Number of protein chains: 2
Amino acid sequence: MGLEEDIKQRKFKSQYQKAGVNLAFTYSFMVNRNMRMLKKFGLTLPQFNILRILRGQHPKFTTVNDLIDRMLDKSSNASRIVEKLRAKKLVERRVSELDRRAVDISITQSGLNLLALIDKVEHEFYFGIDSLTEEEASLLNELLDKGRNMNETE
Amino acid sequence: MGLEEDIKQRKFKSQYQKAGVNLAFTYSFMVNRNMRMLKKFGLTLPQFNILRILRGQHPKFTTVNDLIDRMLDKSSNASRIVEKLRAKKLVERRVSELDRRAVDISITQSGLNLLALIDKVEHEFYFGIDSLTEEEASLLNELLDKGRNMNETE
DNA sequence: CACAAAAGAATGTACATACATATAATGTTA
DNA sequence: TAACATTATATGTATGTACATTCTTTTGTG
């Protein structure tokens, strides 16, 4: 089904305008799906994203600053999300010995176990896996990359 | 620049996995841009979206339920956003005479004037306007539509 | 008609984000 | 080294979302 029917509205002024709306709609579609899935594991999407970054670094420590660097949305609120994870004993925090301003964070065995469970349904995070060919998905990626490009120099 | 460099990380397991991440990253990129722009006009993105729906119906009234139907994200919190807009005198509310449960909402002249201002920079909401050809944008739209499709029957 | 079920909207709670500011530790430099 | 700037993180405030619940009004069925 096309976007116009999905959002029961209007003709678009251009393919570019439609692409903006389509991106938002499709993202929302995907995120709702992911949220429902993660909820079964007691995680929110940002909590899951941070856990995965920590696993990627494991067994090295990761500072809050590193987390912010690697997060997709560059939110500056990694502290609060880490605190939620710590409350669930999925991560541990300690003040860095090298720089006492910094906080070293690491995923716990419990956190690793939880991620291992979620790995089994990881394909649910993918986009288009049961409706696009691999070539189409690749083309989509190229178009998204290209579409961002000149926009960046605002 | 490709996604891997943008998020300084990993090889993806498939184009589908990459598409999921790319969608989130690209959406975040676009939304940040839109938010910065709207902020100059004293609006948030959801407030702007609701105002535009109201303008589309003007001079008819729109109920809160209608708003929820038409919002991209189907949030059930239209009430609170409407209240913010009412506080800025951009919309008016009145209990419907036909159905006293319903609340009729309409955009004010002040709201229309504000949207008219924003119309002048509307192209900033588009995606890819200065890096994709119209054909590429159209193809992107097709791929997004197609990618959502089978996923819907969860 | 009476009364239960449904519908429209609002509200409470937990979580998240953006942005500004605060706090503490570290770096820099006159 | 003392003063100031910078860095790493945390916190406060306004906004928004998801979800559950509540309140009122309307609808539907005996």
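Biologist: Why is Lys89(B) called exposed in this model?

Modeller: The model is predicted, and the call rests on a count. Lys89(B) has 11 C-beta neighbours inside 10 Å. A residue is exposed if that count is 12 or fewer. Therefore Lys89(B) counts as exposed.

Biologist: What makes the phi of Lys89(B) worth a remark?

Modeller: Its sign. Lys89(B) is not a glycine, yet its phi is positive, about 60°. Most residues other than glycine have a negative phi.

Biologist: Where is Lys89(B) placed?

Modeller: Lys89(B) lies in the loop between α5 and β2 of chain B. It follows α5(B).

Biologist: What about Lys89(A): buried or exposed?

Modeller: Lys89(A) has 11 other C-beta atoms within 10 Å. The limit for exposed is 12 or fewer, so Lys89(A) is exposed. Lys89(A) also has a positive phi of about 60° and is not a glycine. Its place is in the loop between α5 and β2 of chain A.

Biologist: Which residues of α5(B) are buried?

Modeller: Ala78(B), Ile81(B), Val82(B) and Leu85(B). To be called buried, a residue needs 20 or more other C-beta atoms within 10 Å of its own.

Biologist: How do you know that they are on the same side of α5(B)?

Modeller: From the arc. These buried residues cover only 100° around the axis, which puts them on the same side of α5(B). The general rule helps here. An α-helix has 3.6 residues a turn, so residues three or four places apart point the same way.

Biologist: What does the face of α5(B) turned away from the buried side carry?

Modeller: That face carries the exposed residues Arg80(B), Glu83(B) and Ala87(B).

Biologist: What do the buried residues of α5(B) pack against?

Modeller: They pack against α3, α4, β2 and β3 of chain B. The helix α5(B) lies across β2 and β3 of chain B, at about 120° to β2(B).

Biologist: What makes β1 and β2 of chain B edge strands?

Modeller: The open sheet has three strands in the order β1-β3-β2 (chain B), with antiparallel pairing. β1(B) and β2(B) each have a single partner strand, so one side of each is left without a neighbour in the sheet.

Biologist: How do you know that β1(B) and β3(B) pair?

Modeller: Count the bridges. Pairing needs at least two bridges, and β1(B) and β3(B) have two, in the antiparallel sense. Thr63(B) stands opposite Asp104(B) in β3(B).

Biologist: How many bridges link β2(B) and β3(B)?

Modeller: Five, again antiparallel. Arg93(B) has Ile105(B) as its bridge partner in β3(B).

Biologist: What is the strand order in the sheet of chain A?

Modeller: The order is β1-β3-β2 (chain A), in an open sheet of three strands with antiparallel pairing. Here β1(A) and β2(A) stand at the edges, because each has a single partner strand. Five bridges join β2(A) to β3(A). Arg93(A) stands opposite Ile105(A) in β3(A).

Biologist: Which helices lie on the sheet of chain A?

Modeller: α3(A) lies across β1, β2 and β3 of chain A, at about 90° to β3(A). α5(A) touches β2 and β3 of chain A, and its direction makes about 120° with that of β2(A).

Biologist: Why is the bond from His58(A) to Pro59(A) singled out, when most peptide bonds are trans?

Modeller: The bond from His58(A) to Pro59(A) is cis, with omega near 5°. Pro59(A) sits in the loop between α3 and β1 of chain A. Chain B has a cis bond joining His58(B) and Pro59(B), with omega about 5°. Pro59(B) is in the loop between α3 and β1 of chain B.

Biologist: Which residues come nearest to DNA strand C?

Modeller: Thr44(A), Ser75(A), Thr63(B), Asn65(B) and Ser79(B), out of 24 residues around the strand. By class, the surface near DNA strand C has six nonpolar, nine polar and nine charged residues. α5(A) gives the most, with three residues.

Biologist: How many residues of chain B are in contact with chain A?

Modeller: 51 residues of chain B, meeting 51 residues of chain A. Contact here means C-beta atoms within 7 Å. α2(B) supplies the largest share of the side of chain B that touches chain A, 16 residues. That side divides into 23 nonpolar, 16 polar and twelve charged residues.

Technical notes: Residues are numbered from 1 along each chain as its sequence is written. Chains are lettered from A and ligands numbered from 1 in the order in which they are written. This is a predicted model: local features need pLDDT of at least 70, side-chain atom pairs count only at pLDDT 80 or more; totals for chains, interfaces and linings use all residues. Two residues are in contact if their C-beta atoms, placed from the backbone, lie within 7 Å. Helices (H or I, at least four residues) and strands (E, at least two) are DSSP runs, numbered from the N terminus. Ala, Val, Leu, Ile, Met, Phe, Trp, Tyr, Cys and Pro count as nonpolar, Asp, Glu, Lys and Arg as charged, and the others, Gly among them, as polar. A residue is near a molecule or strand if its C-beta atom, placed from the backbone, lies within 6 Å of it. Axes are lines fitted to C-alpha atoms, for helices over the stretch in contact, and angles run from 0 to 180 degrees between N-to-C directions. The arc is that of the directions from the helix axis to the C-beta atoms.
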